[in-house]
Amino acid sequence: QVQLVESGGGLVQAGGSLRLSCLASGNIISTYVMGWYRQAPGKQRDLVAAITSSGRTNYAESVKGRFTISRDDAKNTVYLQMNSLKPEDTAVYYCAAGFGSSWGPYNYWGQGTQVTVSS
């Protein structure tokens with residue numbers, strides 16, 4: 001079992017930056033694929049970025065060049081650095097851990113953290 005807790009969300013103006021953190025407990029995440037998803041009101045939950053145990057990353061087209069996912073297995077933590085934020089990035093962001101590929105399936109989920117980007 002893995003418990004995931006996200007932090008770092010908040011309100012930011014367009015063009016600003018935020019860094020989300022996902023702290024895992026209950027198990028070491030070094031062998032897991034870790035992902036960040038987001039869900040805007042009335043929309044489905046979509047993959048934003050993922051990082052494999054070997055450090056290979058994948059990004060949604062809409063965030064390429066603006067977001068960076070990274071992991072610190074010694075701290076059991078995954079990060080999502082979000083730059084040049086846009087109002088359309090507003091969503092609840094979820095951290096996830098899994099045994100499969102970057103595209104899922106994911107076995108464990110956090111509760112989410114709200115990111116709001118004002119125009």
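How many helices and how many strands does the protein chain have? Colour the chain by secondary structure: there are 0 helices and 11 strands. Keep in mind throughout that this is a predicted model.

**Whole chain**

Begin with the cartoon and follow the chain from the N terminus. The elements run β-β-β-β-β-β-β-β-β-β-β. Next, show the C-alpha trace and turn it along its principal axes, where the spans are about 40 × 30 × 25 Å. The radius of gyration of the protein chain is 13 Å, which agrees with the value near 14 Å that a compact globule of 119 residues would have.

Switch on contacts between residues with a separation of 6 or more. Of these contacts, 57% join residues 24 or more positions apart.

**Surface and charge**

Now add the surface. The protein chain exposes about 5900 Å², and 49% of that area is supplied by carbon and sulfur atoms. Of the 119 residues, 45% count as buried.

Select the charged side chains: 10 are positive and 7 are negative. Mark the centre of each set, and the two marks lie 1 Å apart.

**The disulfide**

Hide the surface and select Cys 22 and Cys 95. They form a disulfide, with their sulfur atoms 2.0 Å apart. The count for the model comes to 1 disulfide. Where does each partner of the pair lie? Cys 22 is in strand E3 (residues 18–25) and Cys 95 is in strand E9, so the bond ties together parts that are 73 residues apart in sequence.

Zoom in on the S-S bond and read its torsion. The value is about -80°, so the disulfide is left-handed.

Are the two cysteines buried or exposed? Cys 22 has a relative accessible area of 1% and is buried, because buried means under 20%. Cys 95, at 0% relative accessibility, counts as buried by that cut-off.

**Asp 89**

Finally, select Asp 89. This residue sits in the loop between strand E8 (77–82) and strand E9 (91–98). Is Asp 89 buried or exposed? Its relative accessibility is 1%, so Asp 89 counts as buried although its place is in a loop.

Which residues does Asp 89 touch, leaving aside those up to four places away in sequence? Show the side chains of Arg 38, Arg 66, Phe 67, Ser 84, Val 115 and Val 117: Asp 89 touches each of these. Among them are two arginines, Arg 38 and Arg 66.

Definitions and conventions. Residues are numbered from 1 along each chain as its sequence is written. This is a predicted model: local features need pLDDT of at least 70, side-chain atom pairs count only at pLDDT 80 or more; totals for chains, interfaces and linings use all residues. Side-chain values use heavy atoms; hydrogens and water are left out. Helices (H or I, at least four residues) and strands (E, at least two) are DSSP runs, numbered from the N terminus. The radius of gyration is taken over C-alpha atoms; the globule rule is 2.2 Å times the number of residues to the power 0.38. Buried means under 20% relative accessible area, exposed over 50%, partly exposed in between (1.4 Å probe, protein chains only). Contact means heavy atoms within 4.5 Å. Accessible areas come from the Shrake-Rupley method with a 1.4 Å probe; for residues, only the protein chains shown count as cover. Lys and Arg count as positive and Asp and Glu as negative; His and the chain ends are not counted. The place of a charge is taken as NZ of Lys, CZ of Arg, CG of Asp or CD of Glu. A disulfide is a pair of cysteine sulfur atoms within 2.5 Å.
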